[in-house]
Amino acid sequence: HAALLIGIAWLLPFLLQRALTPSAERVAVLGLRKGIRDGLDQIEREVSQAIDVYQSDWKAQRAALESLASSSKIEMPEPQPDNRLLQRMLKINGDSAARGAAGKAANLEW
């Protein structure tokens, strides 16, 4: 029984020390995971901040553009086609559309 008692007295502290001492591999893995997690969190914060700045700038630019557009009512003339055949076709179609609208209005009065 004395050998068993000596074995337990020696084996128990050895196993406890081995279980409680962190291995280099485990420490390295935990350090890498923490570093990656912290790096990704920092990237997320910076991207979120950049998106917020971009969004606020975009809203300000849009408000300025809407203000400018509402304050200046410039009407642009319709561009004239360079092709004479196309110009004649558009003129004919425009005239027939005007005649068609007048004809429909005349039919409604009957």
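Reader: Which residue does Lys-34 meet in a salt bridge?

Author: Happy to start there, and bear in mind that this is a predicted model. Being 4 residues apart in helix α2, the two partners are separated by about one helical turn. Their side chains meet with N and O at 2.9 Å, and the partner of Lys-34 is Asp-38.

Reader: Are Lys-34 and Asp-38 buried, partly exposed or exposed?

Author: Buried would need a relative accessible area under 20%, and exposed one over 50%. Lys-34 has 48%, and Asp-38 has 36%. Both values lie in between, so Lys-34 and Asp-38 count as partly exposed.

Reader: How many salt bridges does a search of the whole structure find?

Author: Besides Lys-34 with Asp-38, Arg-62 pairs with Glu-66, their closest N and O atoms being 3.1 Å apart. Arg-62 and Glu-66 are also in helix α2, 4 residues apart. For the whole structure, the number of salt bridges found is 2.

Reader: Is Leu-40 buried or exposed?

Author: Leu-40 sits in helix α2, which covers residues 24-71. On the surface, Leu-40 belongs to a nonpolar patch with Leu-32, Ile-36, Ile-43, Val-47 and Ile-51, and together they have about 590 Å² of accessible area. Its relative accessibility is 52%, and the cut-off is over 50%, so Leu-40 counts as exposed.

Reader: What span should helix α1 have, at 1.5 Å a residue?

Author: Helix α1 runs over residues 2-20, which makes 19 residues. Its end C-alpha atoms are 27 Å apart in the model, and this agrees with the expected span of 27 Å.

Technical notes. Residues numbered from 1 in each chain as written. Predicted model: local features only at pLDDT ≥ 70, side-chain atom pairs only at ≥ 80, totals over all residues. Heavy atoms only, no water. Helix = DSSP H or I, 4+ residues; strand = E, 2+ residues; numbered from the N terminus. Expected span 1.5 Å × (residues − 1). Patch = residues over 30% accessible without salt bridge, like charges linked within 9 Å, V, L, I, M, F, W, Y side chains within 5 Å. Areas by Shrake-Rupley, 256 points an atom, 1.4 Å probe, with all protein chains shown as cover. Salt bridge = Lys/Arg side-chain N within 4 Å of Asp/Glu carboxyl O. Buried < 20%, exposed > 50% of the residue type's maximum accessible area, 1.4 Å probe, protein only.
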